[in-house]
Amino acid sequence: MKKDTRILHAGRHPEKFDGAVNPPVFHASTILHPSVAAMEKSGKTPFEGVRYGRFGTPTTFALEEAVAELEGGHRAVATSSGLAAITGALMAFLKTGDHLLMVDTAYFPTRKFCDEVLKGLGVETTYYDPLIGAGIKALMRPNTKVVFTESPGSLTFEVQDIPAIAEVAHAGGAIVMIDNTWGVLTFQPFAKGIDISIQAATKYIVGHADAMLGSITCATPDLWLKVKSSVATFGHSPGAEEMYLGLRGLRTLAVRLRQHAASALRLTTWLEKRPEVDRILYPPLPSDPGHALWKRDFSGGCGLFGVVLKPAAKAAVDAMLDGYEHFKLGFSWGGFESLVIPTSGHSIIRTATAWTPAGPSLRFHAGLEDADDLQEDLEKGFGRLAGGG
């Protein structure tokens with residue numbers, strides 16, 4: 001089946017639920033066992049079947065099956081947020097004395113986890129240039145256990161050479177992880193050498209800005225068991241309603257993503273010609289430095305992109321942002337709504353590489369509004385920018 005068809009069928013088993021099109025929402029903690037023997041048997045394989053609500057229900061398993069199929073992995077583990085997916089995956093493979101290579105464009109909460117929690121546990125983190133490619137070999141150590149990637153970076157949008165990084169990491173005995181939220185459907189991680197693919201399912205999979213959810217997809221049974229054990233040990237347990245909302249959102253993901261990407265490409269093509277703009281950060285644009293790698297490794301784009309303005313006063317930029325009708329100020333992305341946040345200053349933290357934009361930097365998410373309305377909104381904003389605030 002083609003991907004658009006698989007996304008409608010993945011994780012659905014109507015024959016198990018009296019023909020219901022969607023898997024039911026199972027609200028369950030206690031699971032009853034018919035005998036002592038059955039209870040003892042379930043304890044020997046705690047992650048198979050329905051044993052206790054925290055380990056998963058048929059609703060959980062439906063979402064995990066669907067995500068794993070779409071990413072091309074063995075099995076997935078659902079978590080209560082994207083950050084829980086990142087931390088759960090890292091903790092499955094790191095212990096005192098280990099070394100982690102973390103991309104310098106990492107999501108800020110990921111960096112905080114490395115600098116505070118992992119450091120406190122005796123795990124050393126080295127941040128690396130996202131454009132390092134095979135040059136990452138110079139940073140590998142005998143105790144490097146994980147190489148973490150994010151492509152493109154969700155604030156500055158550098159595209160990583162994942163196959164080159166994976167080849168070096170595997171030669172050194174390390175596991176390769178990726179935050180694949182931007183490439184949710186358009187990047188097939190396991191075909192590129194990734195071992196663990198993480199998504200903030202809160203974003204495009206849920207798609208409606210109304211649920212927190214994460215996923216960890218693993219390439220092999222052994223990796224899955226380690227991740228599942230880690231997540232269970234830390235008590236991560238996404239709610240039944242959130243799981244259902246993830247499944248609901250998943251069914252329309254392909255068609256939504258096409259409109260997000262089409263609007264983003266149209267807007268960025270228009271924006272890069274504006275006199276107020278220094279550069280656009282969007283790999284699907286031919287002018288983007290990462291375009292060649294994006295074209296090689298991805299089958300499409302999404303709605304998230306960055307804009308670097310020419311030097312402008314903060315008051316003028318604030319006036320531009322405050323007056324938008326459709327691009328509302330708000331964190332996250334991937335929902336039906338258009339969003340914008342300023343990313344200059346404290347939002348972008350680098351320790352291995354420098355980020356020195358010519359002027360204020362912004363991150364936009366193109367939602368599902370009509371692209372004409374979104375472009376008009378941006379144009380009016382440039383009028384406020386010219387007014388000086």
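This is a short walk through one protein chain, from its two domains down to a few single residues.

Hi everyone, thanks for coming. One thing up front: what you see above is a predicted model.

Let's start with the overall layout. The chain is divided into domain 1, residues 3-249, and domain 2, residues 254-388. Taken over C-alpha atoms, the centres of the two domains are 28 Å apart. As for the interface, 38 residues of domain 1 are in contact with 40 residues of domain 2.

Now to the inside. How many residues does the largest nonpolar core have? The number is 108, and the residues with the most contacts inside this core are L90, M177, I196 and I216. Helix α9, residues 253-271, gives the largest share of the core, with eight residues. And where does this core lie with respect to the domains? Domain 1 and domain 2 both give residues to it, so the core lies between them.

Let me pick one of those well-connected residues, I216. Setting aside residues up to four places away in sequence, I216 touches R75, A76, V77, T79, A85, A89, I196, S197, I198, V227 and V231. Notice I196 in that list, which is also among the core residues with the most contacts.

Next to it in the numbering is S215, which sits in strand β7. Is S215 buried or exposed? Its relative accessibility is 5%, so S215 counts as buried, the cut-off being under 20%. Beyond its neighbours within four places in sequence, S215 is in contact with V67, V77, T79, A85, S197, I198 and Q199.

Staying with buried residues, have a look at F148 in strand β4. F148 has a relative accessible area of 3%, and so it is buried. Outside the four places on either side in sequence, F148 touches I86, L90, L100, L101, M102, V103, Y128, M177, D179 and I198. Two of these contacts, L90 and M177, are names you heard for the core. For anyone who wants a distance to check, F148 and A166 are 18 residues apart along the chain, and their C-alpha atoms are separated by 10.0 Å.

Just along from there is a backbone feature to click on. S151 and P152 are joined by a cis peptide bond, with omega at about -10°. P152 belongs to the loop between β4, residues 144-150, and α6, residues 162-171.

The loop between β3, residues 124-128, and β4 holds M140. At 17% relative accessibility, M140 counts as buried. Its contacts, again without residues up to four places away in sequence, are L101, V147, V168, A169, G172 and A174. By contrast with such contacts, here is a far-off pair: M140 and F331 are 191 residues apart in sequence and 34 Å apart in space, C-alpha to C-alpha.

Over to T343, in the loop between β11 and β12, residues 361-365. With 0% relative accessibility, T343 counts as buried. The C-alpha atoms of T343 and L362 are separated by 5.1 Å, with their positions 19 residues apart along the chain as the separation. L362 is also one of the contacts of T343, together with L155, I348, S361 and R363, once neighbours within four places in sequence are left aside.

Back to the backbone, for the Ramachandran fans. Which phi does A209 have? It is positive, about 55°, although A209 is not a glycine. A209 is placed in the loop between β6, residues 196-199, and β7, residues 214-218. Its relative accessibility is 54%, so A209 counts as exposed. S332 has a positive phi too, about 75°, and is not a glycine either. You will find S332 in the loop between β10, residues 328-329, and β11, residues 339-342. At 31% relative accessibility, S332 counts as partly exposed.

Last stop, a helix pair. Helix α3, residues 58-71, and helix α8, residues 240-251, pack at an angle of about 35°, and their axes are 9 Å apart. The crossing of α3 and α8 is left-handed. On the α3 side the contact is made by T59, T60, A62, L63, A66 and L70, and on the α8 side by A240, M243, Y244, G246, L247 and L250. Those contact residues divide into nine nonpolar, three polar and no charged.

That's the tour. Happy to take questions!

Terms used: Residues are numbered from 1 along each chain as its sequence is written. This is a predicted model: local features need pLDDT of at least 70, side-chain atom pairs count only at pLDDT 80 or more; totals for chains, interfaces and linings use all residues. Side-chain values use heavy atoms; hydrogens and water are left out. Axes are lines fitted to C-alpha atoms, for helices over the stretch in contact, and angles run from 0 to 180 degrees between N-to-C directions. Helices (H or I, at least four residues) and strands (E, at least two) are DSSP runs, numbered from the N terminus. A crossing is left-handed if the near helix is turned anticlockwise from the far one by less than a right angle, and right-handed if clockwise. Contact means heavy atoms within 4.5 Å. Ala, Val, Leu, Ile, Met, Phe, Trp, Tyr, Cys and Pro count as nonpolar, Asp, Glu, Lys and Arg as charged, and the others, Gly among them, as polar. A nonpolar core is a set of buried Ala, Val, Leu, Ile, Met, Phe, Trp, Tyr and Cys residues joined through side-chain atoms within 4.5 Å. Buried means under 20% relative accessible area, exposed over 50%, partly exposed in between (1.4 Å probe, protein chains only). Domain bounds come from an automatic or database domain assignment.
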